[in-house]
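Work through these exercises with the sequence and the 3D view open. Try each task before reading its solution.

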Amino acid sequence: MFVFDTIATYAQGRIVDINTGKPIKAAVIQTRYSCWEDCEVKSAAANEAGFFRLGWVGCHGPNGSRSNRPLLIRAVGYQTISTEVIEIGGGSYLHIELLALPKQH
């Protein structure tokens, strides 16, 4: 018997500056997921246009939720985001806006 998980296949999207709307190249998005007993991490980096794609992201989140996975989004010079409230489904598209950190003099 095979079970195909239609909830979690992949997540893709774009990461941009919240104030300018410009893409954030090389921003990193990371998620943790579980399948059966193991917990794994998947990462992707945004390309020149700010787009990223995380391949198959597991059966469920590490806390058992079938749709939500923890996400960590980082980029040099921007505020880091860590959340578990993003619903990842069959072909999720995530539009992520990051806030630039204040420039230090």
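**Exercise 1. The overall plan**

Which pattern does the protein chain follow, read along the sequence?

Solution. Keep in mind that this is a predicted model.
- Step 1. Count the elements: the protein chain has seven strands and zero helices.
- Step 2. Write them in sequence order, and the pattern is β-β-β-β-β-β-β.
- Step 3. Add burial. Of the 105 residues in the protein chain, 35% are buried.
- Step 4. Add the surface. The protein chain exposes about 6700 Å², with 54% of it supplied by carbon and sulfur atoms.
- Step 5. Add the contacts. Among those with a separation of 6 or more, 53% link residues 24 or more positions apart.

**Exercise 2. The open sheet**

Work out the strand order in the open sheet of three strands, and find its edges.

Solution.
- Step 1. Take the first pair. Strand 1 and strand 4 run antiparallel and are joined by four bridges. One of the residues to look at is A11, whose bridge partner in strand 4 is L54.
- Step 2. Take the second pair. Strand 1 and strand 7 run parallel, with seven bridges between them. Here D17 has L98 of strand 7 as its bridge partner.
- Step 3. Combine the pairs. The order is 4-1-7, and the pairing is mixed.
- Step 4. Find the edges. Strand 4 and strand 7 each have a single partner strand, so one side of each lacks a neighbour in the sheet.
- Step 5. Note the twist, which averages 25° from one strand to the next.

**Exercise 3. The core and strand 7**

Which residues have the most contacts inside the largest nonpolar core?

Solution.
- Step 1. The largest nonpolar core has 17 residues. Those with the most contacts inside it are I15, I29, I96 and L98.
- Step 2. Trace where the core comes from. Strand 1 (11-17), strand 4 (51-54), strand 5 (71-74) and strand 7 (92-98) each supply at least two of its residues.
- Step 3. Strand 7 gives the largest share, three residues.
- Step 4. Sort strand 7 by face. S92, L94, I96 and L98 make up its covered face. Y93, H95 and E97 make up the uncovered one.
- Step 5. Recall the general rule: side chains in a regular strand alternate between the two faces of the sheet.
- Step 6. Look around I15. Setting aside neighbours within four places in sequence, I15 is in contact with K22, P23, I24, A27, G50, F52, I73, I96 and L98.

**Exercise 4. Two neighbours in strand 2**

T31 and R32: for each, decide whether the residue is buried or partly exposed.

Solution.
- Step 1. Place them. T31 is in strand 2, and R32 lies in strand 2 (residues 28-35) too.
- Step 2. Apply the cut-off for buried, under 20% relative accessible area. T31 has 1% relative accessibility, so T31 counts as buried.
- Step 3. R32 has a relative accessible area of 37%, so R32 is partly exposed.
- Step 4. List what T31 touches. Beyond four places in sequence, its contacts are E40, V41, K42, L54, V57, R69, P70 and L71.
- Step 5. Find the polar detail. A polar atom of the T31 side chain lies 2.9 Å from the backbone oxygen of P70.
- Step 6. Relate R32 to V57. They are 25 residues apart in sequence, with 7.8 Å between their C-alpha atoms.

**Exercise 5. T83 against R53**

Is T83 buried or exposed, and which residues does R53 touch?

Solution.
- Step 1. T83 is found in strand 6 (residues 81-83). Its relative accessible area is 18%, so T83 is buried.
- Step 2. Leaving out residues up to four places away in sequence, T83 touches R69, P70 and L71.
- Step 3. R53 is in strand 4. At 48% relative accessibility, R53 counts as partly exposed.
- Step 4. With the sequence neighbours up to four places away left out, R53 touches Y10, A11, Q12 and A44.
- Step 5. Look at Q12 again. The side chains of R53 and Q12 are joined by a polar contact of 3.5 Å.
- Step 6. Finish with a distance. R53 and L94 are 41 residues apart in sequence and 9.8 Å apart in space, C-alpha to C-alpha.

Definitions and conventions
Residues numbered from 1 in each chain as written. Predicted model: local features only at pLDDT ≥ 70, side-chain atom pairs only at ≥ 80, totals over all residues. Heavy atoms only, no water. Buried < 20%, exposed > 50% of the residue type's maximum accessible area, 1.4 Å probe, protein only. Contact = heavy atoms within 4.5 Å. Core = buried A, V, L, I, M, F, W, Y, C linked by side-chain atoms within 4.5 Å. Polar contact = N/O pair within 3.5 Å; in protein donor to acceptor, adjacent residues only side chain to side chain. Pairing = 2+ DSSP bridges. Axes fitted to C-alpha atoms, helices over the stretch in contact; angles between N-to-C directions. Areas by Shrake-Rupley, 256 points an atom, 1.4 Å probe, with all protein chains shown as cover.
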